[in-house]
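These are my notebook entries on one protein structure. I set down what I looked up, entry by entry.

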Amino acid sequence: MKTNEHISVLLNEAIEGLNIKENGIYVDATLGRAGHSSKILERLKEGKLYCFDQDEEAITYSKEKLSKINSNFEIIYSNFKNLKEELAKRNITKVDGLLYDLGVSSPQFDEDYRGFSYRYDAPLDMRMDLNNPLTAKEIVNKYSLNDLTKIFKEYGEERYSYLIAKKIVEERSKKEIETTFELVDIIKSSIPKKELFKDKHPAKQVFQALRIEVNDELKVLEKSLNDALTILNKNGRIVVITFHSLEDKIVKNIFNSVSKIKGDRHNDYLLPSEIKKPEFKLVNKKVITPSEEELNLNHRAKSAKLRIIEKL
Ligand SMILES: C[S@@+](CC[C@H](N)C(=O)[O-])C[C@H]1O[C@@H](n2cnc3c(N)ncnc32)[C@H](O)[C@@H]1O
């Protein structure tokens, strides 16, 4: 169903995780429809909230929504990979908390002209930022057999990556592949028939892989998170909600590496006084996932995982 609404995932858990101070500086790296941002803003008396999004539609909608709460916010139209630089332009070099709620919002996913969904026939686009020159159509029609196989395998964890890539290359030599439904038909005709009767849509993983490649999602996340760690105030927190295993792996690895004691304390024969204490601690040792109740209300929360880190 097409919708203009987005049900925020892990809303209470994320807001509690930020441990908001009413005079603090906060960043919502993924504004979307301002579900999380609204809750942050409601708690800020003198503080300020900076919200990033690379989608102008999300910004237009959310600006109006947030203005009804108070004026302690600024929306920045930018990819969150530029977060540190954009904040520095505004003389903000330290913040008390950052939130990332990754991926696309329901309106983006359901907007038929954006091509994110295999359920609607649309041009193969998948750009969150419509100024980004790279579209899914470009990838499907121009990438080599090897590169297509690689992205389907790595980003989509697709079992039939090679078969699908091979069929794409064959079909595009006859006619350019232009729409989501053309691609869905190609995928369906390239995999074993038994796969068509499974619950999971046969195009799901290829569509996920294309979206990640179009928006360079994993690289921008890694850069942004590493930058975010450098601008946290003492007791400041980063809260991240991910929706697939590759994103979660990046968050987990970065958070683990900065919250552990550096070096091998046994083999390096360090005295206790010489051991450099980590600068961060994991707030939740175990990843937080949605409750049964949330899952019953919102199937899109199914693969959500939340991790929190705090600067010591
Ligand atoms: C899942 S939605 C966020 C929903 C929001 N938390 C809410 O409750 O309404 C993700 C949003 O982040 C944006 N986004 C994703 N990756 C981004 C990036 N690298 N830079 C800026 N915005 C990004 C998308 O355009 C989308 O609007």
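Entry 1, the ligand. I looked up which residues surround the ligand in this predicted model. I found 21 residues around the ligand, and S8, T30, G32, G35 and D101 come nearest. I then asked which elements give two or more residues to this shell. They are the helix α2, residues 35–43, and the strand β2, residues 48–53. I also sorted the shell by class: ten residues are polar, seven are nonpolar and four are charged.

Entry 2, the domains. I noted that the protein is divided into two parts. Domain 1 is made up of residues 11–107 together with 218–311, while domain 2 covers residues 111–215. I looked up how far apart the C-alpha centres of the two domains lie, and the value is 30 Å. At their meeting point, eight residues of domain 1 are in contact with seven residues of domain 2. On the domain 1 side, I recorded four nonpolar residues, three polar residues and one charged residue.

Entry 3, the whole protein. I recorded 13 helices and seven strands. Along the principal axes, the C-alpha atoms fill a box of roughly 65 × 60 × 40 Å. Does the radius of gyration agree or disagree with that of a compact globule? A compact globule of 312 residues would have a radius near 20 Å, and the protein has 21 Å, so the two agree.

Entry 4, burial and contacts. I found that buried residues make up 41% of the 312 residues. Among contacts with a separation of 6 or more, 67% join residues 24 or more positions apart.

Notes:
Residues are numbered from 1 along each chain as its sequence is written. This is a predicted model: local features need pLDDT of at least 70, side-chain atom pairs count only at pLDDT 80 or more; totals for chains, interfaces and linings use all residues. Helices (H or I, at least four residues) and strands (E, at least two) are DSSP runs, numbered from the N terminus. The radius of gyration is taken over C-alpha atoms; the globule rule is 2.2 Å times the number of residues to the power 0.38. A residue is buried if 20 or more other C-beta atoms lie within 10 Å of its own, exposed if 12 or fewer, and partly exposed in between; C-beta atoms are placed from the backbone. Two residues are in contact if their C-beta atoms, placed from the backbone, lie within 7 Å. Domain bounds come from an automatic or database domain assignment. Ala, Val, Leu, Ile, Met, Phe, Trp, Tyr, Cys and Pro count as nonpolar, Asp, Glu, Lys and Arg as charged, and the others, Gly among them, as polar. A residue is near a molecule or strand if its C-beta atom, placed from the backbone, lies within 6 Å of it.
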